[in-house]
There are 2 protein chains.
Amino acid sequence: MKLGAPAGESPVGREQSASSLEQTHGLDNGRVLPKQPEAAKSSRFERWMLKSVLGICGDPAVRVVLWDGETVCTSPSPPVGSIVIRDRRVLRRMALQPIVGFGDGYGEGLIDIEGNLVDVLSAMSRAVDRPRPDGLVGRILNPRPNIHRPHHIDASRDSVHQHYDLGNSFYKLWLDENLSYTCAYFSEPGMTLEKAQTAKLDHVCRKLQLRPGDRVIEAGCGWGGLALHMAKRYGVSVRAFNLSREQIVYARDWAKSLGLSDRVEFVEDDYRNISGACDAFVSVGMLEHVGLENFRELGRVIDGVLTPSGRGLIHTIGRNTPMPLDPWIDKRIFPGAYPPALSEMMRIFEPWHLSVLDVENIRMHYVRTLEHWLERHERARGEVVRMFDERFARMWRLYLAGSIAAFAVGSLQLFQVVFAREANNDIPWTRMHLYSARNAE
Amino acid sequence: MKLGAPAGESPVGREQSASSLEQTHGLDNGRVLPKQPEAAKSSRFERWMLKSVLGICGDPAVRVVLWDGETVCTSPSPPVGSIVIRDRRVLRRMALQPIVGFGDGYGEGLIDIEGNLVDVLSAMSRAVDRPRPDGLVGRILNPRPNIHRPHHIDASRDSVHQHYDLGNSFYKLWLDENLSYTCAYFSEPGMTLEKAQTAKLDHVCRKLQLRPGDRVIEAGCGWGGLALHMAKRYGVSVRAFNLSREQIVYARDWAKSLGLSDRVEFVEDDYRNISGACDAFVSVGMLEHVGLENFRELGRVIDGVLTPSGRGLIHTIGRNTPMPLDPWIDKRIFPGAYPPALSEMMRIFEPWHLSVLDVENIRMHYVRTLEHWLERHERARGEVVRMFDERFARMWRLYLAGSIAAFAVGSLQLFQVVFAREANNDIPWTRMHLYSARNAE
């Protein structure tokens, strides 16, 4: 079974072959909590509760099979697959917090999916994120909306540590060789993940119009792939910031091995402490962790360092409309993360009269990127379980598959925003230079 | 003297030759009110008042010469030219309303410019639009900020009539042959205005991914150039809406002469009355007149007509940050107009979960477009004066030159925003198709 769509095929999970992740990977081994006695019949109240939960979730096109074989489906359209709830405790948790209860239940092996995992998650995403009036339903779906959670530096450090310091060896199992943990750019449909990640780096560099000798500041540099690519291929010098100790150590070693330590400085610090001056400011996949209340401050930092002729780019997951992050992802995967709508992103630029030159939404590229990651993650599943445990491996499967679903149904977006100072007239007249033959790989 | 920069030259007025519009066109003939006796000395109070006005305007890098030859300059940088105030009544008016007083004084011939008109206006734009705290100064500069002015349909009809029904023969004097009264797209630097306006139409059509047989709705169609181009070159059918009677009559005749009346319907009605269904929704240069309070309603209209696989494009003048329109332009040229910031534009899309795919800022193209228009307008100056009067010709010169200045200093932007429905996955993976050789002219 192939999770990552091969070249030319549709990247969207629901158009793949009918064989499902579940069927392949034998989830019976994956159960963490002990099974409940099969004899326990579901009550009328439990089935009513389940219907209420499904209603709150927008009646997704899925069937729910309870531990006693009872089946519930509230959707008017035919179900794309089944959610098997193996334990009534999960149902009770879902009644209080539908999304978190579902995610945790799946992680614990008390929920299984019959059919294609991405299809089922897409049906759920489509239903949950449907435009609806706010109020009680929104409160139940998002019990602690994280829009206004504080992001002071220590909290940011903790959040970053929780996700990015899981161990470089874990990420090496399923990321590309350069450890790009952000959306790739498939400039040609048949590209490998490796080539598409390099194409992304070049797409970013061209948008920044890098010139040899430029001073670049990168905020949130991951394992250093972009910083080193810019220095190696575009002849610039880079100061790259990151709060993750593990990543910074890795990046410094990598710079040394490439002989680039004199031109790429990796700084273990917060973006708020960036100072100096730069001809280009770039941030790929950090904004999701900055928090809305700091967008203006991020703009102040940029305004403080960008030269009059400087260019900038921010690459981030976003939304079509302001909406809190999936509460399970917020709780278990990315604490405090928030993908902004474009109106919200403008809080970075507008107070400082920075001029937005170009916004590109490459959402479909994240579908394909995530398909590659999920496929590799599942191939390395045995290793992941050995490094952590079964529950961790299931959680990460759900997170990756759920992200494919969210990008595929349009609940998440991927924005690249290019900007410059208001009075900078040395900006390209067209975007032709991004696509001209001499720039193509 | 050349106002429109020829191919290869910088389009920015201040880099042109030192010979100025004023020197060329002999403005002594252009004075509307009678000259004041030269003997009247300016008082200390008047000079203090002038300094205050300049301070309120951000101390632009200009010299002001009063009717008695007295000179005032409050700028720390060297002045780029002089504003000659020939009458103390103008100074008094400027003390109350600096921008309106200046514009009206210029129109009446009581203010002249020594040096390059665009340079002087650029210096003023740069100073006036500098980021500053709100309060009294903002109130004086924008005595009746037009952000919240109502735009009910009758008011919109009046505003449209006041500007667009000045007479087709007037616009024919200085627009391109297809009467495109919006920013052109100079895909090649040496293009003529005619070619650049056609390139703009094709750029828009490619962004909309038009396919033969598509149903297109256009909101605010001007004289019909885009609607007819889409039908003729892309094989689509179009319903195009406009409130300007004169433009609609012209467009219908034009459609008839091209044998396209069966495929292009011109409707004299407001965008709020658009109904039906369309595969593509397009609006070029209308949003400036819609009014912020109606952005959500415009989105509702789009949401009501766009098919699930539909695409849309809005082309509009905009801002880097929310700010009222120049009050003189608002009073004399475009009543009720408002160029939105991107955060404000998102009010069209976000409530309806429309997905923004692409934003392009082609501000520099409007500098060059306006240079062409101003050059043609000045060449046809005798005709304009005969059709209207000297004051009108001066007002339009100021409006066109001032717009060059505003785009050149980055006080105005030109945004093209492409969007689609949230769940539409039939969107292009890259923007290569906009730039591929087979699409190029």
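## Exercises on a predicted two-chain model

In this predicted model, 29 residue pairs are in polar contact between chain B and chain A, both residues being at pLDDT 80 or more.

**Exercise 1.** Determine which elements of chain B give two or more residues to the side that touches chain A, and which of them gives the largest share.

*Solution.* Step 1: the elements of chain B that give two or more residues to this side are α14 (342-349), β10 (354-361), α15 (363-379) and β11 (413-421). Step 2: the largest share comes from β10(B), with eight residues. Step 3: by residue class, the side of chain B that touches chain A divides into 25 nonpolar, 14 polar and 10 charged residues.

**Exercise 2.** Describe the extent of the contact between chain B and chain A, and state how many salt bridges are counted there.

*Solution.* Step 1: chain B and chain A each contribute 49 residues to the contact. Step 2: the area buried between the two chains is about 4,000 Å², and carbon and sulfur atoms give 52% of this area. Step 3: four salt bridges are counted between chain B and chain A. One salt bridge joins the side chains of B:R431 and A:D358, at 2.8 Å from N to O.

**Exercise 3.** Establish how the axes of helices α3 and α4 of chain A are oriented to each other, and name the residues that meet.

*Solution.* Step 1: the axes of α3 (residues 88-96) and α4 (residues 98-107) of chain A come within 5 Å and cross at roughly 150 degrees. Step 2: angles over 145 degrees count as roughly antiparallel; α3(A) and α4(A) are therefore roughly antiparallel to each other. Step 3: A:V90, A:R93, A:M94 and A:L96 in α3(A) meet A:P98, A:G101, A:F102, A:D104 and A:G105 in α4(A). Step 4: the residues of this contact comprise five nonpolar, two polar and two charged.

**Exercise 4.** State how many salt bridges the whole structure holds, and locate the partners of the pair A:D279 and A:R215.

*Solution.* Step 1: over all chains, 48 salt bridges are found. Step 2: the side chains of A:D279 and A:R215 form a salt bridge at 3.2 Å, N to O. Step 3: this pair links distant parts of the chain, with A:D279 in strand β8 (residues 278-284) and A:R215 in strand β5 (residues 215-219) of chain A, 64 residues apart.

Conventions. Residues numbered from 1 in each chain as written. Chains lettered and ligands numbered in written order. Predicted model: local features only at pLDDT ≥ 70, side-chain atom pairs only at ≥ 80, totals over all residues. Heavy atoms only, no water. Axes fitted to C-alpha atoms, helices over the stretch in contact; angles between N-to-C directions. Helix = DSSP H or I, 4+ residues; strand = E, 2+ residues; numbered from the N terminus. Parallel < 35°, antiparallel > 145°, perpendicular 65-115°, else oblique. Contact = heavy atoms within 4.5 Å. Nonpolar A, V, L, I, M, F, W, Y, C, P; charged D, E, K, R; others polar. Buried area = accessible area lost by both parts, 1.4 Å probe. Polar contact = N/O pair within 3.5 Å; in protein donor to acceptor, adjacent residues only side chain to side chain.
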